[in-house]
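Trainee: I would like to learn how to read a protein structure step by step. Could you take me through one?

Mentor: Gladly! Let us open it and begin.

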Amino acid sequence: MPDVTDRAVQRADQWLWFARFVKTRALAQRLIVKGKVRVNRSKITKPAHTVSPGDIVSFMAHDHIKVVEVLAIGTRR
């Protein structure tokens with residue numbers, strides 16, 4: 001069980017889905033596995049990689065590169 005003093009974290013695929021950048025978590029997982037997502041300039045290849053508020057996430061979406069900052073962890077889509 002996580003300690004309440006830990007930083008709020010969420011899986012990268014789940015966050016992309018909650019933030020409505022992709023329609024399904026499966027699409028988010030595919031993007032990550034293909035190496036098209038970076039967190040704080042580091043390429044990630046595992047959907048379970050965690051993101052937290054303050055992280056910078058960049059990814060390819062429809063032939064455009066999107067760069068966004070994680071402001072909060074999603075609780076509801």
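Trainee: What share of the 77 residues of the chain counts as buried?

Mentor: Of the 77 residues, 31% count as buried. Please keep in mind that this is a predicted model. You can also look at the outside: the chain exposes about 5,500 Å², and carbon and sulfur atoms supply 53% of that area.

Trainee: How do I judge the overall shape? What radius of gyration does the chain have, and what would a compact globule have?

Mentor: The chain has 12 Å, and a compact globule with 77 residues would be near 11 Å, so the two agree. For the extent, the C-alpha trace spans about 40 × 25 × 20 Å along its principal axes.

Trainee: Next, the elements. How many helices and strands are there in the chain?

Mentor: You will find two helices and six strands. Reading from the N terminus, their order is β-α-α-β-β-β-β-β.

Trainee: And how do strands come together in a sheet?

Mentor: Here is the general idea: strands of a sheet pair through backbone hydrogen bonds, and the pairing is either parallel or antiparallel. In this structure, four strands make an open sheet in the order S3-S2-S5-S6, with antiparallel pairing. Strand S3 (42-44) and strand S6 (64-69) are the edge strands, each pairing on one side only. Neighbouring strands of the sheet are turned against each other by 25° on average, direction ignored.

Trainee: How many bridges join S5 to S6?

Mentor: Six bridges join them, and the two strands run antiparallel. One pair to look for is Met60, which stands opposite Ile65 in S6. The hairpin of S5 and S6 has two residues between the strands, and His62 takes a positive phi near 55° there.

Trainee: What about the pairing on the S2 side?

Mentor: S2 pairs with S5 over three bridges in the antiparallel sense, and Val39 has Val57 in S5 as its bridge partner. S2 and S3 also pair antiparallel over three bridges; there, Arg38 stands opposite Lys43 in S3.

Trainee: Now the inside. Which residues touch the most other members of the largest nonpolar core?

Mentor: That core has 16 residues, and those touching the most other members are Trp15, Leu16, Val37, Val51, Val57 and Phe59. Helix H1 (12-18), helix H2 (25-33), strand S2 (37-39) and strand S5 (56-61) each give two or more residues to the core.

Trainee: Could we follow one core residue? Which residues is Val37 in contact with, leaving aside neighbours within four places in sequence?

Mentor: Val37 is in contact with Leu16, Leu31, Ile32, Ser42, Lys43, Ile44, Val57, Ser58 and Phe59. Contacts like these can also be sorted by sequence distance: of the chain's contacts with a separation of 6 or more, 39% are between residues 24 or more positions apart.

Trainee: One last residue, then. Is Ile56 buried or partly exposed?

Mentor: Ile56 has a relative accessible area of 34%, so Ile56 is partly exposed; buried would mean under 20%. Ile56 lies in strand S5. Not counting residues up to four places away in sequence, Ile56 touches Arg38, Val39, Asn40, Val67, Val68 and Glu69.

Trainee: How far apart in space are Ile56 and Val70?

Mentor: Their C-alpha atoms are 6.3 Å apart in space, while the two residues are 14 residues apart in sequence. Try tracing that pair in the view yourself!

Notes: Residues are numbered from 1 along each chain as its sequence is written. This is a predicted model: local features need pLDDT of at least 70, side-chain atom pairs count only at pLDDT 80 or more; totals for chains, interfaces and linings use all residues. Side-chain values use heavy atoms; hydrogens and water are left out. A nonpolar core is a set of buried Ala, Val, Leu, Ile, Met, Phe, Trp, Tyr and Cys residues joined through side-chain atoms within 4.5 Å. Buried means under 20% relative accessible area, exposed over 50%, partly exposed in between (1.4 Å probe, protein chains only). Contact means heavy atoms within 4.5 Å. Two strands pair if DSSP finds at least two bridges between them. Axes are lines fitted to C-alpha atoms, for helices over the stretch in contact, and angles run from 0 to 180 degrees between N-to-C directions. The radius of gyration is taken over C-alpha atoms; the globule rule is 2.2 Å times the number of residues to the power 0.38. Accessible areas come from the Shrake-Rupley method with a 1.4 Å probe; for residues, only the protein chains shown count as cover.
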